[in-house]
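User: I am new to this structure and would be grateful for a close look at one part of it, set in the context of the rest. Please proceed in a connected way from that part outwards.

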Amino acid sequence: MSQTTRTNAEPLVEITLRVNGVMRTAAAPARRLLSDFLRHELRLTGTHVGCEHGVCGACTVLVDGMPMRSCLMFAVTAQDHEITTVEGLAPAVEGTGNGTGTYTMSPVQQAFIECHGLQCGFCTPGFLTTITAYLQENPEPTETEAREAISGNLCRCTGYQNIVKSVLRAAEINRERGASA
Amino acid sequence: MKPSTFVHHAPGSVDEALAVLAEFGHDAKVLAGGQSLIPILNMRLAAPGHLVDINRIDGLDTIEVTADAVHIGALVRHAQLERHVGAFTHLPLLRQALLNVAHPVIRNRGTTVGSIAHADPSGEMPAVLALTSGYVDVASSRGTRTVAAGDFFLGPLESALAEDEMATGASFGRFPAGTGTAFAESTRRHGDYALAGVATAVTVTDGLITSARASFVSVTPMPDVLDLSDVLAGSAPEDGDWAKAAELAREHVDPDTDIHASAAYRRMLVGVLTARVLAEAASSATVSDATNANATRA
C-alpha cells in the first residue's frame, strides 16, 4: 500500500480487491467507503447506496461469502478479502436454463423474477446478496425464518410479501438445481 | 454522508497500534468492525484525524473458555461468538443476547469488544458484561490493565479508556452451577435498537432460588446490575414473586423519552420484560440445578 500525493488533493491509497473473482486495483482516499469504491472506482454500479449508515441494507455485498454492509466498511480495510457483488451472483456459464444444467440467473435472482420480488429494484441487490448467503446457512427456511432473514433490508415498494415468497422459492430452486445437477 | 478525511493506520501488531495511539490518541479512534463508528463518521458526528484500523492484527480473533470465564479478543465478530459452541454451552447468555444485537449482517462485521468499548447504553453486550461481572483488557504503550465492568462504563458512550488506550479483549464471567439466564428486549422491528431490554441470571440451589440479578438495555445511563435476591431468594423457581421484582426494576431504571417511545412506556416494558425473563431464567436454572444434582449423585 503506497501513498501518493497530488497537489491540492488528499493522499490516495492504492487499493487492490478481489471482486467477483477478478483482482481489481484503483487509487482512492483512505476514507473511500467500499460501496463508493465499487461504484466510483470500479464502475460496478449494481451495488446501490441508500442510507449510508447501515440501516437500509441496499449496499450489502458478500465479504468472503458473508453478507456485510459495504457502506460500513472502508475499501482500504476490505483488501485481502473476496468481495461478491450482485454482478457476481449469476453463474459465469450462460445457458438457457432449460434443464441442461446451465442458467443465466442465480436461484435467488430467478426466484425474484418468478415471484415478482421487486418493483423499482433499488433495494434488490442488497436483498439478493443477503438471501444468497442466508440460504447457504439455512437451506430450508420456514416463512417466519425467511421474514427474519430479510429484516435488515428495507423495501419501500413490495410490502415484503413477494420477497418472502422469493426466499422460499429460491430455496426450492436451489434444491431443484441441486437434484438435476 | 461521507466521512471527513483521516490518516489511515493499519498496524500489524498490538504494539504498533499502541505506538500510533501514544502519538495520535488525542485525535484518533480505533477501527475494528466499524458498525457503530463508521455511521458516526459518515454522519460527521465525529471527525478524528487518525483511524487505527486493527483488522490486520493477528491473534485478536480468539475465543477461549476457561473454568471462570469466556475470554474474547478485540476482533471476535458478534457472529463468531454467537456460533461458538463452547461459549454457548458454558455461558448461554452470550448467544441469548447476541441474537438481539442489530441484524445478522451487522453481526457478521461488528465486534463484541468494539460494542463494549463504544459503551452505548442501548448496546446489549455492555449489559451482559455487567451482569456476568466481566472485565475489559486494556492496553497502552504504558502497560496493560484489566478494568471491571462496574468501573469501565462511566456514562452514555463514555468508558474508562484513556485516549492512548485500546480494549484488546474482554472476559465474561461464568455463573455458578444451577444458574439459569434469559434475555429479552422489545424493538419496533427485529434487530433495531431496543426500546428496553433486560438480561437476568437466577441461581437455584437445592430447589430454591438463592440469587437473582438483572441488567438493562436502553433504560439506564450505563449498564449496571440490579440485585433482586432479597425479593426472590428462598422462593421455589416456579413460584417467585416476579411482580414484586418487576416493580423494583421499574423503580431502578431511568429511561428517556424520544421519538420511538415515552419514558413511561419504556418503564412499563421493563416491568413486563423483567417478570418474563426472571421466570424463564428460574425455570432453566431448575433444569441446570437438577442436572448438577444428578451429576453429583452419579
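Analyst:
**A helix of chain A and its surroundings**

In helix α1 of chain A, which spans residues 34-41, the buried residues are A:Leu34, A:Ser35, A:Asp36, A:Phe37 and A:Leu38. The model examined here is predicted. Among the elements that cover the buried residues of α1(A) are β2 (12-19) and β3 (22-28) of chain A. Just after α1(A) comes A:Arg43, with a positive phi of about 60°.

Chain A has a second helix to set beside this one, α2, at residues 107-114. Six of the eight residues of α2(A) are buried, so this helix is largely enclosed by the rest of the structure. The buried residues are A:Pro107, A:Val108, A:Gln109, A:Gln110, A:Ala111 and A:Phe112. After α2(A) follows A:His116, and its phi is positive, near 55°.

From the helices of chain A the description passes to the interface with chain B. There, 22 residues of chain A are in contact with 23 residues of chain B. On the side of chain A that touches chain B, strand β5 (residues 66-69) of chain A gives the most, with four residues. Sorted by class, that side of chain A has nine nonpolar, eight polar and five charged residues.

Across the interface, chain B contains an open sheet of three strands in the order β1-β3-β2, with parallel pairing. Strands β1 (7-9) and β2 (28-31) of chain B are at the edges and have a single partner strand each, so one side of each is left without a neighbour in the sheet. From one strand to the next, the twist averages 25°. Between β2(B) and strand β3 (residues 50-53) of chain B, which run parallel, there are four bridges. Within this pairing, B:Val30 has B:Val52 in β3(B) as its bridge partner. Across β1, β2 and β3 of chain B lies helix α1 of the same chain (residues 14-24), which runs at about 165° to β3(B).

Elsewhere in chain B the pairing takes the other sense. Strands β6 (residues 135-140) and β7 (residues 143-148) of chain B are antiparallel and are joined over six bridges. These strands, β6(B) and β7(B), form a hairpin, with two residues between them. B:Ser140 has B:Gly143 in β7(B) as its bridge partner. As a general point, strands of a sheet pair through backbone hydrogen bonds, either parallel or antiparallel.

One residue of chain B merits separate attention. B:Ser159 is located in strand β9 (residues 158-159) of chain B. B:Ser159 has 21 other C-beta atoms within 10 Å, and because 20 or more is the cut-off for a buried residue, B:Ser159 counts as buried. Beyond its neighbours within four places in sequence, B:Ser159 is in contact with B:Ala117, B:Ala119, B:Phe152, B:Phe153 and B:Leu154. B:Met222 is 63 residues from B:Ser159 in sequence, yet their C-alpha atoms are 9.6 Å apart in space.

Finally, the confidence of the prediction should be considered. The model scores ipTM 0.91 and pTM 0.93. Chain B has a mean pLDDT of 95, and 96% of its residues reach 70 or more. Residues 293-298 of chain B stay under 50 in pLDDT, and for this stretch the model has zero contacts beyond four places in sequence.

Methods: Residues numbered from 1 in each chain as written. Chains lettered and ligands numbered in written order. Predicted model: local features only at pLDDT ≥ 70, side-chain atom pairs only at ≥ 80, totals over all residues. Buried ≥ 20, exposed ≤ 12 C-beta atoms within 10 Å, placed from the backbone. Contact = placed C-beta atoms within 7 Å. Pairing = 2+ DSSP bridges. Axes fitted to C-alpha atoms, helices over the stretch in contact; angles between N-to-C directions. pLDDT = per-residue confidence, 0-100. Nonpolar A, V, L, I, M, F, W, Y, C, P; charged D, E, K, R; others polar.
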